[in-house]
Amino acid sequence: TDYSAATIRVKRQAVLKRLRLIFKDRSLEERVLLETAIKDLNEGVTRAPTVNSPAIGTDKIISPLEYSKLLDGARSERQKGFMMFLWVTGTRISEMLGVKLSSCEQQGERVHIRVLGKGKKERFVWIPLPLYRRILAGFGGSTFLFETGAGKAYSRSYVSGQIAKLGRHILDRRISAHSFRHSFATRKIKETGKIQAVSEYLGHSSVS
């Protein structure tokens, strides 16, 4: 077919799941026969194609050393606050800028934060308590965690522009707010090996 590898695998798994569902109340003997038939079928056909993960090049990743350089070269405490939050949480920039103080809850030495992701899906991320206090001191918001002097949420374009400028001036290359998200995912998968858990934490609709 002209379906992509990912679609073919999903459709195959859906068919197998449906077959097993149909047989779930059958006798053990019949269920064994079904599994035997599925095994024979799989041996007789070409395997479903492997899904290749989209390549995230090093140009989209910020290394720990580069992150340190960005913090050292930042011109204001607010620039540092934006980058530190994105580095620690891996949130989308819109999720970060939408965080309200009422969505933050201290639990011991860290603060759990409710964010609103794509499709208005809620999930929780967390940051260390010292970082939370640093952001509060740097922004002094009354409604939003990241709040302008006029008491409003920052715009995505403004924060994105600030990060892009820092990337050009300090690292001499292009980076974006989303680069921090790619970097978070890469770090956590390397540290834990738990792709599913990292995917869920980041609010992805699928592991792929």
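1. Start with Arg114 and Glu122. In this predicted model, Arg114 forms a salt bridge with Glu122. Their closest N and O atoms are 3.4 Å apart. The two partners differ in class: Arg114 is partly exposed, with a relative accessible area of 30%, whereas Glu122 is exposed at 55%.

2. How many salt bridges does the structure hold? There are nine. The points that follow take up some of them.

3. Arg134 pairs with Glu77 in a salt bridge, and the closest N and O atoms are 2.4 Å apart. This pair links distant parts of the chain. Arg134 sits in helix H6 and Glu77 in helix H4, which spans residues 77-89. The two residues are 57 apart along the chain. Arg134 has 35% relative accessibility and counts as partly exposed. Glu77 has 34% and counts as partly exposed too.

4. Lys24 and Asp25 form another salt bridge. Here the closest N and O atoms are 3.7 Å apart. Asp25 is exposed, with a relative accessible area of 67%.

5. One group goes beyond a pair. Arg92, Glu95 and Arg123 are linked in a network of salt bridges.

6. Next, the chain as a whole. It contains nine helices and three strands. Read from the N terminus, the order of elements is α-α-α-α-α-β-β-β-α-α-α-α. The chain has 208 residues, and 34% of them count as buried.

7. Helix H6 deserves a look from the side. Which residues of H6 (residues 129-139) are buried? They are Leu129, Leu131, Tyr132, Ile135 and Phe139. These residues cover an arc of only 160 degrees around the axis, so they lie on the same side of H6. On the other side of the helix, Pro130, Arg133 and Ala137 are exposed. The general background is simple: an α-helix has 3.6 residues a turn, so residues three or four places apart point the same way. Arg134, the partner of Glu77 in point 3, also belongs to H6.

8. Met83 is in helix H4. Is Met83 buried or exposed? Met83 is buried, with a relative accessible area of 0%. Its C-alpha lies 7.7 Å from that of Leu71, and the two residues are twelve apart in sequence. Glu77, also in H4, is by contrast partly exposed at 34% relative accessibility.

9. Leu70 lies in helix H3, residues 64-73. Leu70 counts as buried, at 0% relative accessibility. How far apart in space are Leu70 and Ile163? The C-alpha to C-alpha distance is 9.0 Å, against a separation of 93 residues in sequence.

10. Two surface patches should be noted. Arg75, Lys165, Arg168 and Arg174 gather in a patch of positive charge. Of these, Arg168 is placed in helix H7, residues 156-171. Arg168 is partly exposed, with a relative accessible area of 44%. Its value is over the 30% that a patch residue needs.

11. The second patch is nonpolar. Val15, Leu19 and Ile22 form it, with about 240 Å² of accessible area together. Leu19 is placed in helix H1, residues 5-22. Leu19 is partly exposed, with a relative accessible area of 32%. That value, too, is over the 30% cut-off for patches.

12. A last item concerns the backbone. Where does Asp172 lie? Asp172 is in the loop between H7 and helix H8 (177-192). Its phi is near 60 degrees, a positive value in a residue other than glycine. Most residues other than glycine have a negative phi. Asp172 is exposed, with a relative accessible area of 67%.

Terms used: Residues numbered from 1 in each chain as written. Predicted model: local features only at pLDDT ≥ 70, side-chain atom pairs only at ≥ 80, totals over all residues. Heavy atoms only, no water. Patch = residues over 30% accessible without salt bridge, like charges linked within 9 Å, V, L, I, M, F, W, Y side chains within 5 Å. Areas by Shrake-Rupley, 256 points an atom, 1.4 Å probe, with all protein chains shown as cover. Salt bridge = Lys/Arg side-chain N within 4 Å of Asp/Glu carboxyl O. Lys, Arg positive; Asp, Glu negative; His and termini not counted. Charge placed at Lys NZ, Arg CZ, Asp CG, Glu CD. Helix = DSSP H or I, 4+ residues; strand = E, 2+ residues; numbered from the N terminus. Buried < 20%, exposed > 50% of the residue type's maximum accessible area, 1.4 Å probe, protein only. Arc of directions from axis to C-beta.
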